[in-house]
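Morning, everyone. Please have the sequence and the model up in front of you. I'll walk through it piece by piece.

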Amino acid sequence: KVLVCVVGARPNFMKMAPIMRALQNVKHLIAPYLVHTGQHYDQAMKDTFFQQLGIPEPNMDLGVGSGTHAAQTANIMLKFEPVLDEVKPFAVLVVGDVNSTIACGLVAVKKQIPLIHVEAGLRSYDREMPEEINRILTDQLSDLLLTTERAAADNLLKEGVSERRIYFAGNVMIDSLLSNCKQASSFQETLHNYGGNQNVSEKNYALLTLHRPSNVDDPATLARLITVISEVSRKLPVIFPVHPRTQQKISQAGLLSELPEERVIMLPPVSYLEMLGLMQAARLVLTDSGGLQEETTALGVPCVTLRENTERPITVTEGTNTVVGTDPVKIMQCVEEVLANGGKSGRVPEYWDGMAAQRIVAEIVRRYLPDN
Ligand code: UD1
């Protein structure tokens, strides 16, 4: 029986890799059919991730590329529908909260194919985030909702999702992290590969990522963040792998010259193993990413989140994360605190144990293929 699995954007790949691997153990029961929507398409945003994570070649690449939200979502839907007609899966599995997630979920449900959502129930309660809309809608459409932290179930129950659809499976992104930690590239190697500054030592730099539309699309907000980053870089060097969206916005706003070259080391988007290595050796991470908040918690590295809210509260209550927002004064205070006292140490949350994908696959078999 065929299970269609969907990936589209960079943060989907590390979530799908362990699921594809766990599906190998039940290949007498389930034939996975991997669809890549093509939302992310650059070598650095896609191919290196497939290679390093050992994800099989997609059975189908929809090749949609970039566009407005409506264009991208609609294109994915149009191209995904005939795939379902052709392969007739018993269910469709989507991960995360990107446009590919909601687009494919909606197509599946309209065809009365059960939808399985991995990483269900996370809520920032900020509807200005495109991902929040994707999360709410995908969860409403889903037949089986697999959660990464216990608070997610409460969010879902409040929205009227019935309890029997929810299953606490743990965090598949941490499955990937744990199985790849040892192979991570050293930060020196990464800097060397990109011709970066060599005057950076272990646990003596900040790692920065920035790509949320709310932070980079408005030139005034972006300028404020760039100023504070340059201030942080006076305390310790900053390594900054730059997302394509952010690259464009920084150039358009003419802000490149605001970042002191020798203290803020800008890299192109780095690979998964390079990012893992950069995180492990960082003194702290500054980010607006969802995934990095979780990965730093799993690694025990202090994380300063440059957003007003988080949909992953366990990284704050149990992990190493502090949500500071974009106020320069608060950001500097938080960075100085981490530098002075080492930052939050935290503990690794329940079921972030490397076994989430196996629990997910076992639950899928139990629910959809009960005779086996
Ligand atoms: C998407 C996800 C976001 C996720 C992020 C991780 C949505 C709504 N957003 O945002 O949740 O955190 O991925 O990266 O789905 N581009 C390239 N090469 C690529 C892909 C994109 O240059 O391979 C550029 C294009 O100019 C594009 C822009 O980046 O317009 C934004 O890409 P898009 O997929 O629309 O959203 P992200 O900002 O990457």
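How many of the nine residues of helix α12 (residues 272–280) are buried? Eight of them are, so to speak for the helix as a whole, α12 is mostly covered. The buried ones are Tyr272, Leu273, Glu274, Met275, Leu276, Gly277, Leu278 and Met279. Keep in mind that this is a predicted model.

Now the sheet. Seven strands form an open sheet, and the pairing is parallel. The order is β3-β2-β1-β4-β5-β6-β7. Why do β3 (60–61) and β7 (166–168) each have one side without a neighbour in the sheet? Because they stand at the edges, each with a single partner strand. As general background, strands of a sheet pair through backbone hydrogen bonds, either parallel or antiparallel.

Let's go through the pairs. Start with β1, residues 2–7. Strand β1 pairs with β4 (residues 91–95) over four bridges, in the parallel sense. In that pair, leucine 3 stands opposite alanine 91 of β4. Strand β1 also runs parallel to β2 (residues 31–36), and six bridges join those two. Here valine 2 has alanine 31 of β2 as its bridge partner. With α1, strands β1 and β2 make a right-handed β-α-β unit.

Move one strand along. Two bridges pair β2 with β3, again in the parallel sense. Valine 35 has methionine 60 in β3 as its bridge partner. Helix α2 (residues 43–53) joins β2 and β3 in a right-handed β-α-β unit.

Now the β6 side. Are the two faces of β6 covered or open? Both are covered. Leu144 and Leu146 are buried on one side, and Leu145 and Thr147 are buried on the other. That fits a general pattern: in a regular strand the side chains alternate between the two faces of the sheet. Four bridges join β5 to β6, and the two run parallel. Alanine 120 has threonine 147 of β6 as its bridge partner. The chain crosses from β5 through α5 to β6, and this β-α-β crossover is right-handed. On the other flank, β6 and β7 pair in the parallel sense over three bridges. Leucine 146 stands opposite tyrosine 167 in β7. Strands β6 and β7, with helix α6 (residues 151–158), make a right-handed β-α-β unit.

Which helix packs on the sheet and touches β1, β4, β5, β6 and β7? That is α16, residues 356–368. Its direction makes about 160° with that of β6. Helix α16 has 13 residues and reaches 18 Å from its first C-alpha to its last. That is close to the 18 Å expected at 1.5 Å a residue. The buried residues of α16 are Ala356, Ala357, Arg359, Ile360, Val361, Glu363, Ile364, Val365 and Tyr368. Note that an arginine and a glutamate, Arg359 and Glu363, are on that list.

On to the cores. In soluble globular proteins, nonpolar side chains tend to be buried together. The largest nonpolar core here has 64 residues. Leu3, Ile30, Leu93 and Ile364 touch the most other members. Helix α1 (residues 10–24) gives the most to this core, with eight residues. Apart from it lies another core, of 28 residues, among them Leu210, Leu222, Leu236 and Leu255.

Take a closer look at leucine 93. Beyond its neighbours within four places in sequence, leucine 93 is in contact with Leu3, Val4, Cys5, Val6, Met16, Ile19, Ile116, Val118 and Ile364.

Two more residues. Cysteine 104 is in helix α4, residues 99–110. Is cysteine 104 buried or exposed? Buried, with a relative accessible area of 0%. Its contacts, leaving aside neighbours within four places in sequence, are Val6, Thr37, Ile76, Phe80 and Val94. Cysteine 104 and threonine 320 are 216 residues apart in sequence, and their C-alphas are 34 Å apart in space.

Last one: glutamate 131, in helix α5 (residues 130–141). Why does glutamate 131 count as buried? Because its relative accessibility is 13%, and buried means under 20%. Leaving aside neighbours within four places in sequence, glutamate 131 is in contact with Asp97 and Arg212.

Technical notes. Residues numbered from 1 in each chain as written. Predicted model: local features only at pLDDT ≥ 70, side-chain atom pairs only at ≥ 80, totals over all residues. Heavy atoms only, no water. Pairing = 2+ DSSP bridges. Contact = heavy atoms within 4.5 Å. Axes fitted to C-alpha atoms, helices over the stretch in contact; angles between N-to-C directions. Core = buried A, V, L, I, M, F, W, Y, C linked by side-chain atoms within 4.5 Å. Buried < 20%, exposed > 50% of the residue type's maximum accessible area, 1.4 Å probe, protein only. Expected span 1.5 Å × (residues − 1). Right-handed = clockwise from strand over helix to strand, strands pointing away.
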